[in-house]
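The report below describes selected local features and pockets of one protein model. Please read it alongside the sequence and the three-dimensional view.

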Amino acid sequence: MTLVALLLLPLAGGLVLARVPRNLTREIALVVAALEGLLAIVALYEAGQGTPLAFNADWLPAAGIAIRLRADGVSSALLVLNALITTAALLATRVAEIRRPRLFVGLLLATATGTAGVLLAQDLVLFYVFWEAVLVPLFALIAIYGEGRRGQAALKMLIYTGGASLAMLVAILAIFAAHPGTPTFAIDQLTRSNLSGTRGLLGLTPADVAFLGLALAFAVKSPLFPFHGWMLDAYTACPTPVLMVLAGVVSKLGPYGFFRVASPLLPASAQRFAPLLMTLAAVGIVYGALLALRQTDARRMVVYLSLSHMCFITLGVTSLTPAGMSGAAVQMVNHGILIAALFFIIGHLARQAGSRDLERITGLSRGAPRLA
């Protein structure tokens, strides 16, 4: 039941906030995030001992759908990151300055639940439900609490990620239909699905098409060059706490999807498209870095740095080598902590200096030596 508690605790905490005084909103949410962190550490410890936590229960057995949860080494490490970044985002939230703060904090906790669901799911239907569930509170957070052209930025993110998710849904149904025997959406059992067939348009097999459907969803979420068109607008419009969550942990769901779903289910197609994906990642590394060098807005600079770093992670995951995939897992945690910290510092500096222009926020060590 530890995994069920880990999954539902943030959502339950968010619902409780509707009944608490406004001045206790952040404190209660921090308690929820701390408990979530302790549960995630328990899951990480058990995975390190070689006994990863798991939970299985029937949902719709006739359709092969079940609640299958598991926290292995990679997913439990990212669960700890999820709790850590959520806690940091709550600490960065200025409740007194936010309209409807209980809604804001509740949406942050709902995002944590969706993220945990993706990391724990061992059933493709459950995976897809939580994958989409992450998008809903993020859209509301940007559209309601963002800055600048927040409505357009939120809609752009919704169109990019929602459209790519439809491709993933089609791929999931194709993999399910090709599974022999008893209907199931269990990831470990769908590895036996047979999508072999004659090559069609562009020489693609059915397995290749299914892999590309999955890869599109994961590439957009990461994002991977050139599927990053939504990134700058969304990251620029986000309030700082939301940006910490989006860049620090939600972006990791893309590489995690390659690792957990696409590569295990369709290994031959993953091998076939690995050179293409690695090439796109390598181009994205250089592209993001060069654009970062040209920015005068501190947040935009870090946005492009994040793109470059996420392409490094995707490069490791799509290499399909033990060293590359384990290195990518480590770097997902590293990048999550560091990019959230960078966005927090930039948000604080911009608030104090009244600008994010790099030329205007230089020399701050004289006035803020402890921060420096």
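In sorting pocket-lining residues by kind, Ala, Val, Leu, Ile, Met, Phe, Trp, Tyr, Cys and Pro are counted as nonpolar, Asp, Glu, Lys and Arg as charged, and the others, Gly among them, as polar. By that division, the lining of the second largest pocket comprises three nonpolar, three polar and four charged residues. The model is a predicted one, and the values given here are computed from it.

**The two pockets**

The second largest pocket holds about 170 Å³ of space, and its lining is made up of Glu147, Gly148, Arg149, Gln152, Ala153, Leu232, Asp233, Thr236, Ala237 and Arg300. Helix 6 (150-177) and helix 8 (231-237) are the elements that each give two or more residues to this lining, and the largest share, four residues, comes from helix 8.

The largest pocket has a volume of about 570 Å³, and of the 24 residues lining it, Arg94, Pro239, Thr240, Pro241 and Arg351 are the closest to its centre. Two or more lining residues come from each of helix 9 (240-248) and helix 13 (322-353), with helix 13 giving the most, six residues. The table sets out the composition of both linings.

| Pocket | Volume | Nonpolar | Polar | Charged |
|---|---|---|---|---|
| Largest | about 570 Å³ | twelve residues | five residues | seven residues |
| Second largest | about 170 Å³ | three residues | three residues | four residues |

**Helix 3**

Helix 3 spans residues 73-91, and its 19 residues reach 27 Å from the first C-alpha to the last, which is close to the 27 Å expected at 1.5 Å a residue. At the start of helix 3, the backbone nitrogen of valine 74 has a side-chain oxygen of aspartate 72 within 3.3 Å. Buried residues in helix 3 are Ser75, Ser76, Leu78, Leu79, Leu81, Asn82, Ala83, Ile85, Thr86, Ala89 and Leu90. An α-helix has 3.6 residues a turn, so residues three or four places apart point the same way.

**Serine 269**

Is serine 269, with its relative accessible area of 3%, buried or exposed? Serine 269 counts as buried because its relative accessible area of 3% falls under the 20% cut-off. Serine 269 belongs to helix 11 (residues 267-294), and its side chain reaches the backbone oxygen of alanine 207 at 3.4 Å. When neighbours within four places in sequence are left aside, serine 269 is in contact with Ala207, Asp208 and Phe211.

Key
Residues numbered from 1 in each chain as written. Predicted model: local features only at pLDDT ≥ 70, side-chain atom pairs only at ≥ 80, totals over all residues. Heavy atoms only, no water. Expected span 1.5 Å × (residues − 1). Buried < 20%, exposed > 50% of the residue type's maximum accessible area, 1.4 Å probe, protein only. Polar contact = N/O pair within 3.5 Å; in protein donor to acceptor, adjacent residues only side chain to side chain. Contact = heavy atoms within 4.5 Å. 1 Å grid on protein atoms, 1.4 Å probe; cavity = no way out; pocket = protein on both sides within 12 Å on 5 of 7 lines; lining within 4 Å. Points joined across faces, edges and corners; volume = space filled by probe spheres on them.
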